[in-house]
Structures are given as C-alpha cells and as structure tokens.
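Welcome, and please open your viewer. We will go from stop to stop, selecting a few residues each time and looking at what is there.

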Amino acid sequence: MFTLVKPKRCAMALAGSAILAFGLYNVHALSGVTEGGILGMTLLLNHWFRISPAVSSVVMNAICYVVGWRLLGREFIVYSILAGGGFSVFYAVFEQFPPLWPQLAQYPWAAAVVGAVFVGVGVGLSVRAGGAPGGDDALAMVISHVTHWRIQWAYLLTDLVVLALSVSYIPLERLACSLLTVMLSGQVIGLVQRAGRSRKKEEARAEAEEA
C-alpha cells in the first residue's frame, strides 16, 4: 500500500492540514461562524437529542471514511490519515499561542470571508493530494466521484442540508454568515483542485511531446 504513496502528495496533504488548522483556530473558533457538514450535524444532534458530539462525530466520520476507502481506494485512506492526523497536530501546536486576530470575533461577516479562504485553500490542497482531513471532505469526495459533479457542488449540497436543518435553533444572522463561508470555501476548494488537475494535464502533455 505504501509503495503507492508519493512524497510530494504527502507534503501537499500536510500543508493543507496546517493551513486548515490555522484558519479554524484563528478565525472560526473565535467568530462562532461554523461550517456545515458533519460539524453542523453534530451540533444539531446535540441540541435536539442530547447526543454528544464526541460520539456522533466519531460515528459519522468513520462511516464517511469507510465509504471513501471502498470507492476511492487505499491511497485515499493513507493521504487522509496524513491530512487528518496532521490537522490534529498542527491545531494542538497553534493552541499554544494566542489567536492572531482576536478582533475578528466582533466582525462575523469579515470572519466568514477570511475563514473561507483558509478552509478552501487548506482543504483544497489536501483533496488535491488525494486525502480528506475530515469526514465532511471524505463525503464530498465520494459524492463527487459517484455523481461526477465538481467537488464544490458536493460540498454545497451537504452544507445546505445541514444549515437548513439548523434553522430550527441557530439565529438567522449567524446562519447567513455560515452560508457565506461554506459557499466561498467550496468554490475555493474547487479552484485549488482544478488547478492541480490542469497542472497534471500540462505535465502529461509535455511528457508525451518529449516521447
């Protein structure tokens, strides 16, 4: 299995997880602006059914990764372990320092945009490497693989479903900020992923011409 792993893609997955952890710690954790997907679903289940996120997140993430492994292959799991593990390590490191922009907590709309850029670039790099730093990302990759949709639309579908259900208990202004951040982050993820595909096509074309 590990003979198929490429160092460049490993580095890309780790770089993505570092950017994601940086953004979540310095922006989303302060502002209260959240992503949709599994994170939003764990909060929903906790609010209405008192199911602890510690339990629901493990179950839902595990299901997404298992489905991803079955449909996307062994490489997916390896790069996902790197991306997910890297995220945990980097987040723990960032927690040792005070947030860089504590004033963002007062500006949720600005936080939604800034956070979306960090999430989009970070997750985009990990997905481009072939891994998923979280269950949300694994689910979006699976949906994109099965439906052949661009990945940003797969993200948007899952996020919109969760945010729509969250109307039942989250203030509308906060939901609006969350909707902005998931729409922007999904588009950035798609751009980063497509940039990787375009580069691969150019490299393949150059190799064919040299041959």
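Which residue follows α6, and what is the sign of its phi? Select H148: it comes after α6, and its phi is positive, near 65°. We will return to that helix shortly. Before going on, keep in mind that this is a predicted model.

**The whole protein**

Zoom out and colour by secondary structure. You should find eight helices and zero strands. Walking from the N terminus, the elements read α-α-α-α-α-α-α-α. The protein has 211 residues, and buried ones make up 43% of them. Now show the surface: about 11100 Å² is exposed, with carbon and sulfur atoms supplying 69% of it. Contacts also say something about the fold. Among those with a separation of 6 or more, 80% are between residues 24 or more positions apart.

**Helix α6**

Select residues 135-147, which form helix α6. Does its length agree with what its 13 residues should span, or disagree? At 1.5 Å a residue the expected span is 18 Å, and the end C-alpha atoms are 18 Å apart, so the two agree. Next, colour the buried residues of α6: G135, D137, A138, A140, M141, V142, I143 and S144. A general point helps when you look along any such helix: an α-helix has 3.6 residues a turn, so residues three or four places apart point the same way.

**Helix α2**

Move to α2, residues 37-49. It too has 13 residues, which should span 18 Å at 1.5 Å a residue, and its end C-alpha atoms are 18 Å apart, in agreement. The buried residues here are G37, I38, G40, M41, T42, L44 and L45. Just after α2 you reach R50, which takes a positive phi of about 60°.

Now pick F49, also in helix α2. Is F49 buried or exposed? F49 counts as exposed because its relative accessibility is 59%, and the cut-off for exposed is over 50%.

**A nonpolar patch**

Keep F49 selected and add W48, I51, V55, V59, I63, V67, L71 and V146; together they make a nonpolar surface patch of about 830 Å². Which helix gives the most to the patch? That is α3, with five residues. Helices α2 and α3 (53-72) each supply at least two.

**A salt bridge**

How many salt bridges does a search of the whole structure find? The search finds one. Select E75 and R9 to see the pair, whose closest N and O atoms are 3.3 Å apart. The two residues come from distant parts of the chain: E75 is in helix α4 (residues 74-94), R9 is in helix α1 (residues 7-31), and 66 residues separate them. In general, side chains of opposite charge can pair when their charged atoms come close. E75 is partly exposed, at 27% relative accessible area.

**Aromatic rings**

Show the aromatic side chains next. The whole structure holds seven aromatic pairs. One of them is F22 with F118, a tilted pair with 5.2 Å from centre to centre and 50° between the planes. F22 lies in helix α1 and F118 in helix α5, so the pair ties together parts that are 96 residues apart in sequence. F22 is buried, with a relative accessible area of 18%. Add F94 and W101 to your selection: ring pairs link them with F22 and F118 into a cluster.

**Inside helix α5**

Stay with α5, which covers residues 108-129, and select S126. This residue is buried, at 0% relative accessible area. What does S126 touch, leaving out residues up to four places away in sequence? Its partners are M12, A13, G16, S17, A83, G131 and P133. Measure to D137 as well: S126 and D137 are eleven residues apart along the chain, and their C-alpha atoms are separated by 9.2 Å.

**Last stop: E173**

Finally, select E173 in helix α8 (residues 172-210). Is E173 buried or exposed? E173 is exposed, with a relative accessible area of 52%. Now add W109: E173 and W109 are 64 residues apart in sequence, while their C-alpha atoms are 9.5 Å apart in space.

Terms used:
Residues numbered from 1 in each chain as written. Predicted model: local features only at pLDDT ≥ 70, side-chain atom pairs only at ≥ 80, totals over all residues. Heavy atoms only, no water. Helix = DSSP H or I, 4+ residues; strand = E, 2+ residues; numbered from the N terminus. Buried < 20%, exposed > 50% of the residue type's maximum accessible area, 1.4 Å probe, protein only. Patch = residues over 30% accessible without salt bridge, like charges linked within 9 Å, V, L, I, M, F, W, Y side chains within 5 Å. Areas by Shrake-Rupley, 256 points an atom, 1.4 Å probe, with all protein chains shown as cover. Salt bridge = Lys/Arg side-chain N within 4 Å of Asp/Glu carboxyl O. Expected span 1.5 Å × (residues − 1). Contact = heavy atoms within 4.5 Å. Phe/Tyr/Trp six-rings, centres within 6.5 Å; stacked < 30°, edge-to-face > 60°.
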